[in-house]
Amino acid sequence: IGGISSAFAQTDRNLNEKSQNENLTSLTGMIFKYYEFMPGEIILKDSSRATKKLNYNRILGQFLFITREGKTVPLNTDIIDKCIIGVDTFQMVNNIVLEKITHFNGANLYTHQLIKYIKDEKTVDNNGQRIITDGSKLPFSVEPRTGREEVIDKSAQFKFINEYFLLDSSLKTYNTSKKSFYDLFPQLKTELKNYLQDHSVNFNNLSDLKNLLQYLNGR
């Protein structure tokens, strides 16, 4: 980002570098869901249970755990049904980690969080953040650093992505759309229609989705 004029070029450069460093620090802090690895309960598909220290890596889209040898490795999601960390519940669906947002008896809202790294992206939309790093590195790999880690390009773009899904009581997955709500609440078609007429619902907005589910589950 260039300065408006040569008189302010140095000041602009300092401000830009400060902003870029702050952005990178913020991004690094968002890679993991928790500040540290937390005790978590792993429930396998055969209903057996195990306890390990876990953390969710938003770039990898995976849970990592610490072995007895102190190594950080990904969980084998093929055999896992869900993970529970504190009050947070994570459901594995087709090897994708979905965090449970609502806790109703029937259909519930889940989110899948990712940080997407795009090389050589020339445009930034409202969901993206451009970061100039001057060769800084991020821990994309769970392996120890070897000096061959991927270097972030100066033109790199990062997007923090929240994808929302609805799951019914049998864990069948639905996109968050008007049709999905009608399919999940067929007995409340009139109430749903009236609500959508009276409220502007963005089916990609967390608050709107939670309010709609709250309304339907209260009928």
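## Starting at T89

Let's begin with one residue and its surroundings: leaving out residues up to four places away in sequence, T89 touches K82, C83, I84, L98, E99 and K100. The model you are looking at is a predicted one. T89 belongs to strand 6. Is T89 buried or exposed? Its relative accessibility is 17%, and the limit for buried is under 20%, so T89 counts as buried.

The end of the same strand is worth a visit too. Strand 6 covers residues 88-93, and V93 is part of it. V93 is buried as well, with a relative accessible area of 13%. Which residues does V93 contact once its neighbours within four places in sequence are set aside? They are L98, L167 and T173. L98 is thus on the contact list of T89 and on that of V93. As for L167, it is 74 residues from V93 along the chain, while their C-alpha atoms are 9.9 Å apart.

## The protein as a whole

Stepping back, the protein has four helices and 11 strands. Of its 219 residues, 37% are buried. Carbon and sulfur atoms hold 47% of the accessible surface, which comes to about 13300 Å² in total.

How much of the contact map links distant parts of the sequence? Taking contacts with a separation of 6 or more, 54% of them join residues that are 24 or more positions apart.

## Two nonpolar cores

The largest nonpolar core contains 18 residues, and those with the most contacts inside it are L166, F181, F185, L196, F203, L212 and L216. Two or more residues each come from strand 10 (157-167), helix 2 (178-184), helix 3 and helix 4. Helix 4 gives the largest share, with four residues.

L216 offers a handy view into this region. Not counting residues up to four places away in sequence, L216 touches F181, F185, L188 and L192. Another core lies apart from the largest one; this other core has 13 residues, including I42, L54, Y56 and V97.

## Aromatic rings

How many aromatic pairs does the structure hold? There are six. One that is easy to find on screen is formed by Y195 and Y215, a tilted pair with 4.7 Å from centre to centre and 35 degrees between the planes. Because Y195 sits in helix 3 and Y215 in helix 4, this pair ties together parts that are 20 residues apart in sequence. The two partners fall into separate exposure classes: Y195 is buried, with a relative accessible area of 10%, whereas Y215 is partly exposed at 24% relative accessibility.

Elsewhere, Y56, F63 and F90 form one aromatic cluster. Y56 also appears among the residues of the 13-residue core. A charged side chain meets a ring as well: K33 lies over the face of Y34, 5.6 Å from the ring centre.

## The loop before helix 4

A last stop is N205, found in the loop between helix 3 (189-198) and helix 4 (206-217). N205 has 28% relative accessibility, so it counts as partly exposed. Which distance separates the C-alpha atoms of N205 and Y164? They are 8.6 Å apart, although the two residues are separated by 41 residues along the chain.

Key: Residues are numbered from 1 along each chain as its sequence is written. This is a predicted model: local features need pLDDT of at least 70, side-chain atom pairs count only at pLDDT 80 or more; totals for chains, interfaces and linings use all residues. Side-chain values use heavy atoms; hydrogens and water are left out. Buried means under 20% relative accessible area, exposed over 50%, partly exposed in between (1.4 Å probe, protein chains only). Contact means heavy atoms within 4.5 Å. Accessible areas come from the Shrake-Rupley method with a 1.4 Å probe; for residues, only the protein chains shown count as cover. Rings of Phe, Tyr and Trp (its six-membered ring) pair if their centres lie within 6.5 Å; planes under 30 degrees apart count as stacked, over 60 as edge-to-face and the rest as tilted. A charge sits over a ring if NZ of Lys or CZ of Arg is within 6 Å of the ring centre and within 35 degrees of the ring normal. A nonpolar core is a set of buried Ala, Val, Leu, Ile, Met, Phe, Trp, Tyr and Cys residues joined through side-chain atoms within 4.5 Å.
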